[in-house]
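User: I am new to this structure and would like to go through it slowly, one question at a time. Please show it first and then explain the terms as they come up.

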Amino acid sequence: MLKKGSKLNSILTGTCPRCQEESMYEHKNAYNLKNIYKMHENCSHCGLHYQIEPSFFYGAMYVSYGLTVGIGVAAFIISKVIIGLELTQSFIAIIVSLVALMPITARLSRNIYINMFVSYNKEAAKK
């Protein structure tokens, strides 16, 4: 499932989508909020330029929107239906979960977005 060459591996690990050899981010910790979006310019292994065109990652905002809606719905179902909290408490649970997961959502949306356009290449991984 998470073997090298799968999109899911690249998305969850934040590695280069072409060779999956190195991390796209300068700092692995997503909760280092000062450096959350700091990425390498190119992959040192295969040379892929991560920002394919100017403002490329603005499109990741749409992916982020979908992820946060999913997290919000999941938080509501867990808090209201499963745990049985009041409506106000459920909305507080949604807000807390979205704020707590914001750094992960931000990076995950970038990973998903770049993987929509770049595929794994065995030849690039061998270089």
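Analyst: Contact, or touching, means that heavy atoms lie within 4.5 Å of each other. The model is predicted, so local features need a pLDDT of at least 70 and side-chain atom pairs count only at pLDDT 80 or more, while totals for chains, interfaces and linings use all residues. Residues are numbered from 1 along each chain as its sequence is written, and side-chain values use heavy atoms, with hydrogens and water left out.

User: How many helices and strands does the protein chain have?
Analyst: Helices (H or I, at least four residues) and strands (E, at least two) are taken as DSSP runs and numbered from the N terminus. Read from that end, the elements of the protein chain follow the order α-α-α-α. The count is therefore four helices and zero strands.

User: What percentage of the 127 residues of the protein chain count as buried?
Analyst: The C-alpha trace of the protein chain spans about 55 × 30 × 25 Å along its principal axes. Buried means under 20% relative accessible area, exposed means over 50%, and partly exposed lies in between, with a 1.4 Å probe and protein chains only. By that rule, the buried share of the 127 residues is 37%.

User: What percentage of the contacts in the protein chain with a separation of 6 or more is between residues 24 or more positions apart?
Analyst: This figure sets aside contacts with a separation below 6 and asks how many of the rest join residues 24 or more positions apart. For the protein chain, that share is 60%.

User: Which residues touch the most other members of the largest nonpolar core?
Analyst: A nonpolar core is a set of buried Ala, Val, Leu, Ile, Met, Phe, Trp, Tyr and Cys residues joined through side-chain atoms within 4.5 Å. In soluble globular proteins, nonpolar side chains tend to be buried together. Of the 18 residues in the largest such core here, those touching the most other members are Cys16, Cys19, Cys43, Cys46, Leu48, Tyr50 and Ile114.

User: Which elements give two or more residues to this core?
Analyst: Leucine 48, one of the residues that touch the most other core members, has among its contacts beyond four places in sequence Cys16, Cys43 and Val118. As for whole elements, those giving two or more residues to the core are α2 (60-83), α3 (87-117) and α4 (122-126).

User: Which residue has the backbone oxygen that the side chain of histidine 40 reaches at 3.4 Å?
Analyst: Histidine 40 sits in the loop between α1 (7-13) and α2, and it counts as partly exposed because its relative accessible area is 30%. Not counting residues up to four places away in sequence, histidine 40 touches Glu22, Ser23, Met24, Tyr25, Glu26 and Tyr50. A polar contact is a pair of N or O atoms within 3.5 Å; within protein, one must be able to donate a hydrogen and the other to accept it, and residues adjacent in sequence count only if both atoms are side-chain atoms. The partner at 3.4 Å, 15 residues apart in sequence and 5.9 Å apart in space from C-alpha to C-alpha, is tyrosine 25.

User: Is glutamine 20 buried or exposed?
Analyst: Glutamine 20 is found in the loop between α1 and α2, and its phi is near 55 degrees, a positive value in a residue other than glycine. Serine 55, found in the loop between α1 and α2, also has a positive phi, of about 60 degrees, and serine 55 counts as partly exposed at 41% relative accessibility. Because its relative accessible area is 7%, glutamine 20 is buried.

User: Which residue has a backbone oxygen 2.9 Å from a polar atom of the side chain of serine 97?
Analyst: Serine 97 lies in helix α3 and counts as buried because its relative accessibility is 16%. Beyond four places in sequence, serine 97 touches Ile71 and Ala75. The backbone oxygen 2.9 Å from its side chain belongs to isoleucine 94.

User: Which residues does asparagine 115 touch, not counting residues up to four places away in sequence?
Analyst: Asparagine 115 is found in helix α3, and it is buried because its relative accessible area is 3%. Its contacts outside the excluded neighbours are Lys7, Ser10, Ile11 and Pro17.
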